[in-house]
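Let's take a walk through a protein model, starting with what is tucked inside and then looking at how the helices pack. Keep the structure open while you read.

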Amino acid sequence: MTSRPRPSFGLTVLAVSLPMFMVALDNLVVTNALASIRRDLGSTVENLQWVTNAYVLGFAGFLLTAAGLGDRYGRRKVFAIGITAFTLASLGCGLSDSIEALILFRTLQGITAAAVLPLSLTILTVSVPPEKRGVAIGLWSAISSLAVALAPLVGGGITTAIHWHWIFLVNIPVGLIAIPLVLKVLDDSRGAAAKLDIPGLLLAGAGVLSLIWAIVKGGEEGWTSSTVVAAFAAAVVLLVAFLLWERKASSPMLPLSIYKIKAFSLANVVSLAVFFGLFGPIFLIAQYLQVARGHSAFEAGLWTLPWAIMPMLVAPFAGKFAPRVGSGRLMSAGLFVSGIGLAWFAAVAGVDAADWEYVGPFILAGAGMGLVFAPTAMVVMSSVPPQMAGKASGANTTVRELGGALGIAVSTSVFSTYGAYDTPQSFTDGMTPGLWVGAAVLVVGALIALAIPRPKQAPAAQPQPQPQVKQDTAAVAE
C-alpha cells in the first residue's frame with residue numbers, strides 16, 4: 001500500500017494553526033464584552049468573572065488528560081474530536097440566555113479546547129521536516145501570540161458592531177472549515193503509552209482543578225479565607241498522590257523523568273513567569289482603556305493593536321534564529337523587553353496622559369512576547385524524546401494556564417488593595433502597582449531563562465579513509 005504524499009508546509013501549518021487560533025482567542029475574547037454581558041443577562045459581578053474563569057478551569061484541568069488520550073488513541077483523532085466539541089460548545093455560548101448557561105458552556109469550551117491547543121503543537125512538530133521545524137514553530141507561536149493579544153480587539157469590535165453573542169458564533173464557520181482540513185491534511189501519530197493511565201488522569205485533573213480554583217478564589221475572597229486554604233490543601237494532597245502514583249505506574253501519564261531534563265524544567269518555569277507577568281496586566285489594561293480612558297470596547301482594542309501585531313512580526317524570526325543564538329538567550333531578551341514595556345506603561349499611566357503615549361510600551365510588550373514564545377516551544381519539544389512530545393506539550397500548556405490564572409488573581413488582589421472602579425483615578429491607582437508586579441515577574445523569568453542550556457552540538461565527522469590507507473600501503477610494500 002502506498003503512503004499518501006506529504007502535504008505542503010504551508011497547508012500543514014494552516015491545518016494545525018487555524019483551530020489553535022480559535023481556542024487561544026476565546027481565552028480572553030470576552031474581556032471587552034463583559035460589560036455588555038452583565039447588562040444583557042443581569043449578572044452580578046461575582047458571576048460575571050466566571051465567564052472568564054470557567055474557561056480557564058476547564059482548559060487547565062483537562063490538558064494532561066487530553067495529551068494522554070492523544071497518545072493512546074491517536075493525536076489527529078483526539079484533535080478533530082476536540083475541534084468538533086469546541087465548535088458545539090461555542091454554539092451553546094452564543095445561544096445562552098442566562099449567565100448560568102453561559103458559564104456552563106464556557107466550561108465546556110475550556111474542556112474541549114484542552115484537546116486542541118497542546119496537540120496542535122505536538123502534531124506540527126511531528127508533521128514537518130526537521131530542517132523546517134524552527135520556522136514552523138515560529139509561525140505557530142506568532143499565531144498563538146496574535147490570538148492572545150488580538151482577543152480584546154476582536155471581542156470589542158464584534159460586541160460594538162453586532163452583539164456579544166457573535167464572539168462565540170463566529171467559531172462555527174471556523175470549526176466547519178478546520179475539521180475537514182485536519183482530517184484531509186494531517187497524518188495520525190501516537191505516543192509511547194501502552195495503555196491509558198486512568199488513576200493518573202483522575203488525580204492530575206482533580207489536582208489541577210483544585211489548584212486553579214483556589215488561585216481564582218484567592219483573588220476574590222482573600223488568600224487566607226477558609227475556602228481558599230481548603231482548596232489549596234486539597235490540591236496539594238491530590239497532586240502529591242499523583243506524583244507518587246506516577247513513580248510506580250507501568251505506563252505513567254506524565255513520566256517524571258522528563259523533569260530531570262534541565263532545559264525542559266527551566267522552560268516550564270519561564271512559561272509560568274511569562275503568563276503570570278503578561279496575563280494580569282492584559283486583564284487590567286483592557287479595562288483601563290474603557291474605565292479610565294473612556295474608550296468603547298472596539299476603540300480599546302484598536303489602541304492595543306500594536307501589542308497584537310508585534311508577535312506576528314517577531315516570532316517567525318525568533319523561531320528561525322533560536323538555534324543560532326540560543327533559545328534561552330532569546331527568551332531572556334524577550335522577557336526583559338516585555339518587562340520594560342510594562343514598566344514604561346506603568347510609569348506614564350495617568351488620567352491626563354495622552355493615548356499615543358501607550359503605543360511605545362505596547363510595541364515593546366508585543367515584541368518581547370514574539371521573542372519568547374517560539375524559542376520556549378522549541379525547547380519544550382526538542383528537549384524530550386519524540387514519543388513524549390504530547391505529554392511535554394500538555395504539561396507545558398498546563399503550567400502556562402496556571403501562570404495566567406495566578407497572574408490575573410494576583411493582579412486583581414493588588415488592584416483591590418490600592419484602587420477601585422469608582423473613578424478613572426482610583427482605577428489607575430489600582431492598576432499601576434499591578435503592572436509593576438507583572439514587570440518584576442518578567443525580569444525574574446529573564447534571569448532564569450539565561451540558565452537554559454544550549455543543545456549539545458553533534459561531534460564533527462572524523463576522516464574515514466585512514467584504515468584503507470594503511471591497507472594500501474601494506475599492499476605496496478609487498
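First, a word we'll need: a residue counts as buried when its relative accessible area is under 20%. Keep in mind as well that this is a predicted model.

**A first buried helix**

With that cut-off in hand, have a look at helix α5, which covers residues 63-73. Eight of its 11 residues are buried, so the helix is mostly covered. Which ones are they? The buried residues of α5 are Leu63, Leu64, Thr65, Ala66, Ala67, Gly68, Gly70 and Asp71. Just past the end of α5 you'll meet glycine 74, with a positive phi of about 115 degrees.

**The whole protein**

Now zoom out. The secondary structure comes to 21 helices and zero strands. Of the protein's 478 residues, 58% count as buried. Measure the C-alpha trace along its principal axes and you get a span of about 100 × 45 × 45 Å. What about the radius of gyration? For 478 residues, a compact globule would come out near 23 Å, and the protein has 23 Å, which agrees.

The contacts also tell you something about how the chain folds back on itself. Take contacts between residues at least 6 apart in sequence: 84% of them join residues at least 24 apart.

**Three buried residues**

Let's pick out three single residues. Start with valine 30, in the loop between α1 (9-28) and α2 (34-41). Is valine 30 buried or exposed? Its relative accessibility is 0%, so valine 30 counts as buried. Leave aside the neighbours within four places in sequence, and valine 30 is in contact with Val51, Thr52, Arg106, Ile167 and Phe168. Phenylalanine 168 is 138 residues away along the chain, yet its C-alpha atom is separated from that of valine 30 by 9.2 Å.

Next comes glutamate 246, which sits in helix α13 (residues 226-248). Glutamate 246 has a relative accessible area of 3%, so it is buried. Which residues does glutamate 246 contact, leaving aside its neighbours within four places in sequence? They are Asp197, Gly200, Pro252, Met253, Leu254 and Leu256.

The third is proline 375, part of helix α18 (residues 359-382). Proline 375 counts as buried, at 0% relative accessibility. Not counting residues up to four places away in sequence, proline 375 touches Ala318, Ala322, Ser327, Leu330 and Met331. Here too the chain brings distant parts together: alanine 318 is 57 residues from proline 375 along the chain, but their C-alpha atoms are separated by 6.7 Å.

**How helices pass each other**

Three helix pairs are worth lining up in a table.

| Helix pair | Axes come within | Crossing angle |
|---|---|---|
| α16 and α17 | 9 Å | roughly 155 degrees |
| α14 and α20 | 9 Å | roughly 160 degrees |
| α14 and α18 | 10 Å | roughly 150 degrees |

Begin with α16 (residues 305-325) and α17 (residues 327-348), whose axes cross at roughly 155 degrees. That makes α16 roughly antiparallel to α17. The crossing of this pair is right-handed. On the α16 side, the contact uses Trp307, Ala318, Phe321, Ala322 and Val325, and these meet Ser327, Arg329, Leu330 and Leu342 in α17. Sorted by class, the contact residues of α16 and α17 are seven nonpolar, one polar and one charged. You've met some of these names before: Ala318, Ala322, Ser327 and Leu330 are among the residues that proline 375 touches.

Helix α14 (residues 262-291) and helix α20 (residues 424-449) cross at roughly 160 degrees. That makes α14 roughly antiparallel to α20. This crossing is left-handed. By class, the contact of α14 with α20 has 21 nonpolar, six polar and no charged residues.

Helix α14 also packs against α18, where the axes cross at roughly 150 degrees. That makes α14 roughly antiparallel to α18. α14 passes α18 in a left-handed crossing. From α14, the contact includes Ala263, Phe264, Ala267 and Ser271, while α18 brings in residues including Phe362, Met369, Val372 and Phe373. The class count for α14 with α18 is 14 nonpolar, two polar and no charged residues.

Note on methods:
Residues are numbered from 1 along each chain as its sequence is written. This is a predicted model: local features need pLDDT of at least 70, side-chain atom pairs count only at pLDDT 80 or more; totals for chains, interfaces and linings use all residues. Side-chain values use heavy atoms; hydrogens and water are left out. Axes are lines fitted to C-alpha atoms, for helices over the stretch in contact, and angles run from 0 to 180 degrees between N-to-C directions. Helices (H or I, at least four residues) and strands (E, at least two) are DSSP runs, numbered from the N terminus. Angles under 35 degrees count as roughly parallel, over 145 as roughly antiparallel, 65 to 115 as roughly perpendicular and the rest as oblique. A crossing is left-handed if the near helix is turned anticlockwise from the far one by less than a right angle, and right-handed if clockwise. Contact means heavy atoms within 4.5 Å. Ala, Val, Leu, Ile, Met, Phe, Trp, Tyr, Cys and Pro count as nonpolar, Asp, Glu, Lys and Arg as charged, and the others, Gly among them, as polar. The radius of gyration is taken over C-alpha atoms; the globule rule is 2.2 Å times the number of residues to the power 0.38. Buried means under 20% relative accessible area, exposed over 50%, partly exposed in between (1.4 Å probe, protein chains only).
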